[in-house]
Every structure is written in structure tokens, then in C-alpha cells.
Amino acid sequence: MASNRSPVAPASYSRPAIALHWLIALLIICGFALGWVMTDIPGFTPTKLKYYSWHKWIGVTVFALAAMRVLWRATHRPPPLPAGMPVFQRLAAHGVHWVLYALMLVIPATGYLYSSASNIPVVYLGIVPLPRLIAPDPALKETLKAAHVFLNYILLTLVVMHVIAVVKHQLIDRDGLLSRMLPFLK
């Protein structure tokens, strides 16, 4: 079976990769902010329940888009890193990207399983009921909740590091790294 992976890396990411990157980033920001707000609302108000539904919808959407992004990345060569980038930075960039991809899949999965363990259905967009993958389990519910929160803070830390690295490359190194994801900067 022939691979779509081209032998020569392009100068910037493809339009689908760029669109997926920014859409997933926006959804993650919204989901994280919503998660923070909804968990601070006391009791079970209609607003809190609505926010939980929206948070779940965002999570399911991020999972689907991240799966598409990983498949796209597996079949399309990314643009090259800047020529003068030190080896340790190249290794860190590749490592962080793959951990980010993993977290974009694992975090929604832990949230989904947390809902199942809590005996709370996930109805995507209020229309499509998703199957429960595990039986209700109070002990597992607490473990999945802790994992979901912990992994989100790891994601937040890595995203902040990612943004700092991009800003450093743009403002200090001036090596054009950001133009790979924003081609209009060239």
C-alpha cells in the first residue's frame, strides 16, 4: 500500500493540518475554561448542567478531530524545523508534539469514562446518545476524575511551554518557525 507521505517536506503545514491545529486549540481553550467555570458553580443548577453538557460535547469533538489530526500527521510529512535548531530543541519539539497528540485523545477518553463510571450519559450535541463503555463504579469514578483533572493540568503546562517556545523562535531566534503554522507570516 502506497503512503501519502511525500519525500520532501513542505515549507509550511498543509491547510487541513493548519485548520485542525487551530480548531482543536480553540476547542481545548474553550473546554478548559468551561471546565474551570462549571466546577466552581455550587450545587446542580440548570446553568451548571448546561455547561457540563457543552464541556462533554467539546471533549467528544476534540477527540474526533485529534484522531483525524494524528491520522493526517501519520500520512503527511510536516514542514522541516529551522536549519540551525539545536538537536535537543528538535527532540523536545517532536516529543512535546506527540505527548500533546496523546493528551488530546486521552483527556477526552478519561472524561467520557468518568461520565460512564458516574452513571451519567453523554448525549452528543443533545441528539446522539453515546454508549456507556464501563459500568457505574464509584471508586473508578473518583480515579477517572482525578486522572482527567491531572492530565488537563499537564496539557495546560505543555501548551504554555509550546506557546513560549513559538514566541521565542518568532521574536528572539527569528527563524520563521511560526510561518509553518501561519504561512501568511512569510
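**Helix packing and a surface patch**

Let me begin with Val-160, which is found in helix α4, in what I should say at once is a predicted model. Helix α4 spans residues 138-173, and it supplies the largest share, five residues, of a nonpolar patch. That patch lies on the surface and is formed by Trp-36, Val-149, Tyr-153, Leu-156, Val-160 and Ile-164, which together have about 550 Å² of accessible area.

Stepping back to the protein as a whole, we have four helices and two strands, and from the N terminus on the order of the elements is α-α-α-β-β-α. Taken along the principal axes, the box filled by the C-alpha atoms is roughly 55 × 40 × 30 Å.

Now to the packing of helices, where a pair is described by the angle between the axes and the distance between them. Helix α2, residues 46-75, packs with helix α3, residues 87-117, at an angle of about 145 degrees, and their axes are 9 Å apart. The crossing in which α2 passes α3 is left-handed. On the α2 side the contact is made by Lys-56, Gly-59, Val-62, Phe-63, Ala-66, Ala-67, Arg-69, Val-70 and Arg-73, while α3 contributes Trp-98, Tyr-101, Met-104, Leu-105, Pro-108 and Ser-115. Sorted by character, the residues of this contact comprise ten nonpolar, two polar and three charged ones.

Finally, I would like to turn to Ile-28, which has its place in helix α1, residues 15-39. Which residues does Ile-28 touch, if we do not count those up to four places away in sequence? They are Val-62, Met-104 and Leu-155, and of these Val-62 and Met-104 also appear in the contact between α2 and α3. As for Trp-98, Ile-28 is 70 residues from it in sequence, and the two are 16 Å apart in space, C-alpha to C-alpha.

Technical notes:
Residues are numbered from 1 along each chain as its sequence is written. This is a predicted model: local features need pLDDT of at least 70, side-chain atom pairs count only at pLDDT 80 or more; totals for chains, interfaces and linings use all residues. Side-chain values use heavy atoms; hydrogens and water are left out. Axes are lines fitted to C-alpha atoms, for helices over the stretch in contact, and angles run from 0 to 180 degrees between N-to-C directions. A crossing is left-handed if the near helix is turned anticlockwise from the far one by less than a right angle, and right-handed if clockwise. Contact means heavy atoms within 4.5 Å. Ala, Val, Leu, Ile, Met, Phe, Trp, Tyr, Cys and Pro count as nonpolar, Asp, Glu, Lys and Arg as charged, and the others, Gly among them, as polar. Patches are made of residues with over 30% relative accessible area and no salt bridge: like charges are joined within 9 Å, nonpolar side chains (Val, Leu, Ile, Met, Phe, Trp, Tyr) within 5 Å. Accessible areas come from the Shrake-Rupley method with a 1.4 Å probe; for residues, only the protein chains shown count as cover. A salt bridge is a side-chain nitrogen of Lys or Arg within 4 Å of a carboxyl oxygen of Asp or Glu.
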